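Student: Could we go through the charged side chains together? I'd like to know how they pair up and where they sit.

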Amino acid sequence: MEEDVKKVKKPGIVSPFKRVFLKGEKGRDKKAQEKTTERRALHTFSLSLPDHRIDPDILLNDYIEKEVKYLGQLTSVPGYLNPSSRTEVLQLIDNARKSHQLAGQLTSEQDAVVSLSAYNVKLVWRDGEDIILRVPIHDIAAVSYIRDDSLHLVVLKTAQEAGVSPCPSTCPDLSKSMTLGSLSESGAVLVEVCCLLVLAVDNKAAAEELCLLLSQVFQIVYTESTIDFLDRAIFDGATTPTRHLSLYSDDSSSKVDVKEAFEAEASTFSFQGSLEAGDNSPSPSSTPASPQTKTASEGELSTTATELLQDYMTTLRTKLSSHEIQQFATLLHEYRNGASIHEFCINLRQLYGDSRKFLLLGLRPFIPEKDSQHFENFLETIGVKDGRGIITDSFGRYRRTASSASDSTTNGNGAVRGDGDVGGSDERLAPSEGDEWDRMISDISNDIEALGVSMDQEGVTP
Amino acid sequence: MTMEEMRIETETNSMVSMTLYAVMYPVFNEVMCAERENPGLTQDIIMKILEKKNVQINYTESLLRMAADDVEEFLVDRPEQEFQDLNDKARALKNILSKIPDEINDRVRFLQTIKDIASAIKELLDTVNNVFKKYQYQNRRALEHQKKEFVKYSKSFSDTLKTYFKDGKAINVFISANRLIHQTNLILQTFKTVI
């Protein structure tokens, strides 16, 4: 029996049939095998079942890779798309596949690797490792798993950079999406748009694993964001001046040094600093050294306003490169000398980029009252309200109140602080107060520029 | 004489309630005096009673759940709107903090609770600042010191939450929340004393 099983190949004439067809098959098998052996092993970890729990440190300080098939990305999808609606999502995907926007047949050509961390979702081709795209976590609105017969799709609904797209006024679900509500010249209403990143995985287990991993990433990010919100609320309440603030505060006993109570210490999450910087490789955060700031006439400007300015400078030093700090100083200088708030916002947004747009929040206390509405609207359009680029409903409470330095510099005469000449405002500062504030901002701008120069000299990189 | 009038007369003339004010009130007063002299005495008494009765409860959690109730001693009895706001904001913060045990096991709801706590802390501090702005007091230092203490314990609460999200020990969150409630009460008490 065993002898029968083992058939010894005897030399001799080989069937031409076998020679032609088997050679081809062998060739293909060999190529596929070579490809498989060439592909590197994925950077992965064992996950605790049943909920695929992963150590948060891995998502914070490392990453995890999973194999997927990348079908493509749909853009300018109406933002009101319900990611929980199988019908809606599949309709979009089917139409996209028909029009060849998404891959039809799934082959090894769509093989890709998704790399997950607490910072972003990165997609690269399985072979060659060329990057396909990278989505910051705060740009992901929803993740859906749809089983379509044998196809297991994982769909990520993400923000789209452009933000808006014209939609015909006959669009039936308009009421869901009129966040901007402005009319274009053609009369069409502008609606929010988003992207759909469409991936396919081998089976239901793989899809659930990917969804649960993303869920854990969201938990980490939103937990961090919530704690930040709490810290900022405490800070805001603690540093609100305890008396009516004016540029000429002549009662020194009113200066409550609440900064002693609230230590500006680094978060115990080492994740925070690097998340803010948008780095892929997080570095331990450290409390930045206070820059040597010369603040002239601090006795004439309230302690709180001075501290707020210094805090913002400290933050900039940790988040921007030296060149960027100089650019910031230039933009601030231009704004003070007559540039519009709109221009100031756009240029700053460009400077900070997507990963650092939250820095705009720190400017709030320094925007004059007359420009504050525009500034707040701008923050909303770019998706920054009170959080690391994450908009949530409860943040709506935090309107501009008497908690900002610009509000608080309203003096007894009701004159509004600010650069009275900016934007042709009708309101004029009392000359001495305006001069004092301008001098303060000049000093800060000069210090910021000096920071940039000194950082160049030290060769410090953020 | 109506039924109601008869009931009132019976209650007024009844001796049964005499025990409350003749026996218990003096006991409460003595306990309060003793607590002032020996802080923590009341807690020890309660813990011993629970131990004796073999009642298996988490004392810290129960304290937190009960801590939202208004206490006469800690209400500012001034009619001005600012002081009423102070009472309201303090009550609101204590209410939200007392709900932590119910929310802590559901991450999504707990995060929302934390946001609500953040807003409540900010609103309370804003109200305190409003009172400071409007009224000039002789004993301002005591008020400012109390505000600083409140901010310190708020920060400590935030740090405790960060640790909780790493180690999952809810009891520390309850302890920190209780401390924050206590600080809230002390703010009210300080305002009540100083004004």
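Tutor: What follows is a talk about salt bridges, and then about one lysine and its surroundings. This is a predicted model, in which local features need pLDDT of at least 70 and side-chain atom pairs count only at pLDDT 80 or more, while totals for chains, interfaces and linings use all residues. Residues are numbered from 1 along each chain as its sequence is written, chains are lettered from A and ligands numbered from 1 in the order in which they are written, and side-chain values use heavy atoms, with hydrogens and water left out.

Student: How many salt bridges are there over all chains?

Tutor: The structure holds 22 of them, a salt bridge being a side-chain nitrogen of Lys or Arg within 4 Å of a carboxyl oxygen of Asp or Glu.

Student: What does Asp111(A) pair with?

Tutor: Its side chain meets that of Arg39(A) in a salt bridge, at 2.8 Å from N to O. Asp111(A) lies in strand 2 (residues 111–116) of chain A and Arg39(A) in the loop between helix 2 (16–38) and helix 3 (56–61), so the pair ties together parts that are 72 residues apart in sequence. Helices (H or I, at least four residues) and strands (E, at least two) are DSSP runs, numbered from the N terminus.

Student: Is Asp111(A) buried or exposed?

Tutor: Asp111(A) is buried, with a relative accessible area of 12%; buried means under 20% relative accessible area, exposed over 50%, and partly exposed in between (1.4 Å probe, protein chains only).

Student: Switching to chain B, where do Arg140(B) and Glu144(B) lie?

Tutor: Both are in helix 8 (residues 140–167) of chain B, 4 residues apart, which is about one turn of the helix. They form a salt bridge whose closest N and O atoms are 2.7 Å apart, and both residues are buried.

Student: Back to chain A: which side chains make polar contacts with Lys66(A)?

Tutor: The side chain of Lys66(A) makes one of 3.4 Å with that of Thr44(A) and one of 3.1 Å with that of Glu209(A). A polar contact is a pair of N or O atoms within 3.5 Å; within protein, one must be able to donate a hydrogen and the other to accept it, and residues adjacent in sequence count only if both atoms are side-chain atoms.

Student: And where is Lys66(A)?

Tutor: Lys66(A) lies in strand 1 (residues 64–78) of chain A and is buried, at a relative accessible area of 15%.
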